[in-house]
Each structure stands twice: as structure tokens, then as C-alpha cells.
Amino acid sequence: MATPTHDASSNSGVKNNVSSTAGYSHTAGTLTNGIAIIRVTMQDSTPGDITGVTYNGSAATQIGSTVTYATSRRLAMFYYLNPPAGSSAVVATFSESMNSHIVSVSTYSNTHQVSPTGTSNSATDFDTVNPSEARVTITSAVGELVVAVCSFADATASGTTSHDSRAS
């Protein structure tokens with residue numbers, strides 16, 4: 001199979017004090033063996049939960065999720081196979097109104113359609129050797145695409161990686 005190639009990315013930006021359903025638009029090109037990766041982060045003091053995501057009106061499949069910062073922040077990733085070309089609605093649903101959230105979507109061509117994702121991995125703590133750094137180890141093979149989602153509380157993301165990375 002060919003190496004996965006990036007098509008397009010979109011990001012809702014930070015949305016504050018929103019209802020339990022938030023809809024956005026993502027525009028994909030014409031994809032061969034395509035996939036949409038949807039990343040959702042939310043913050044709520046109650047705490048709430050991310051209950052689902054749809055792409056173009058159909059349910060997306062959850063890849064994984066994690067809770068950070070004493071349950072006030074949740075992060076989740078979903079995928080949707082063979083997204084159609086053009087603009088599609090991406091809708092995230094929450095268990096209640098959220099203090100804030102971000103929804104971002106990236107589409108790719110040349111992805112494995114039978115096993116589109118590997119094992120999900122998460123980290124909720126800072127590096128034990130250097131507490132100013134958050135780290136997670138992800139095992140992948142040459143040519144595999146690695147997609148991540150992160151959330152920072154009153155911090156700035158910086159640094160480099162030895163892997164091909166795309167931020168959205």
C-alpha cells in the first residue's frame with residue numbers, strides 16, 4: 001500500500017460556553033482509500049463527556065480517549081472511512097454544555113481500510129525525568145501515519161520531534 005498522504009485540515013478554534021451539540025464543516029478533496037481523523041478536546045468543571053461524533057451525518061468510530069487534569073479535560077479521537085469529496089458537517093456531541101472545546105479534522109489518502117488504526121496510547125502525566133515535558137511513546141512502522149491530540153492547561157507547546165509531524 002502507498003504511504004498515507006495528507007489532504008486537508010480544519011479546526012474549530014476554541015469555542016466557549018457551547019451547547020451539548022457543536023457542528024462544524026470540513027472540506028475534503030477526492031481521496032483514494034481515505035480517512036478522516038477527528039480530534040476533540042473539551043474542558044468542563046462538572047466534568048462532562050464527549051459522547052459521540054458524526055461525519056457527514058454518519059457515526060465516526062472512536063479510536064481512544066483520555067481524561068486529564070483531575071477529570072476536568074477530556075480528549076478523544078475518532079475516524080471515519082472514505083469521507084466524500086467536498087464540504088461535510090462534523091458534529092461533536094457532549095453530555096452537557098461545555099465550558100470550552102476544540103474540534104479538528106484531518107483527511108488522508110492511501111490508508112488501510114480494514115485496519116485503519118493501531119493501538120491507541122495515552123499519557124496524562126509529565127515526564128518523570130524532566131517535569132517540564134509531557135511525553136508519550138507510540139510504536140509505529142516505517143510509512144505508518146501517527147496522529148495525536150493534546151491539551152495543555154496554562155502551558156505553551158514547543159519543541160521538535162524526530163518524526164514527520166503535522167499540527168492542527
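**Chat: a salt bridge, a sheet and a serine**

Guide: Let's start with Asp 49: at 33% relative accessibility, this residue counts as partly exposed. Keep in mind that this is a predicted model.

Visitor: OK. Which side chain does Asp 49 meet in a salt bridge?

Guide: That's Arg 74, with an N to O distance of 3.9 Å.

Visitor: And how many salt bridges does the structure hold?

Guide: Just one.

Visitor: Where do the two residues sit?

Guide: Arg 74 is in strand E8 (residues 73–81), while Asp 49 is in the loop between strand E4 (35–43) and strand E5 (50–55), so the pair ties together parts 25 residues apart in sequence.

Visitor: Is Arg 74 buried or exposed?

Guide: Buried, because its relative accessibility is 17% and the cut-off for buried is under 20%.

Visitor: Switching to the sheet. What's the order of the strands in the open one?

Guide: E3-E9-E5-E6, four strands with antiparallel pairing. Strand E3 (21–28) and strand E6 (58–59) are the edges, each pairing on one side only.

Visitor: How many bridges join E5 to E6?

Guide: Two, and those strands run antiparallel. As for partners, Tyr 55 has Ser 58 in E6 as its bridge partner.

Visitor: Last one, Ser 100. Which strand is that in?

Guide: Strand E10, residues 98–109. Ser 100 counts as buried, at 16% relative accessibility.

Visitor: What is Ser 100 in contact with, leaving aside neighbours within four places in sequence?

Guide: Val 14, Lys 15, Asn 16 and Asn 17, plus Thr 41, Met 42 and Gln 43.

Note on methods:
Residues numbered from 1 in each chain as written. Predicted model: local features only at pLDDT ≥ 70, side-chain atom pairs only at ≥ 80, totals over all residues. Heavy atoms only, no water. Buried < 20%, exposed > 50% of the residue type's maximum accessible area, 1.4 Å probe, protein only. Contact = heavy atoms within 4.5 Å. Salt bridge = Lys/Arg side-chain N within 4 Å of Asp/Glu carboxyl O. Pairing = 2+ DSSP bridges.
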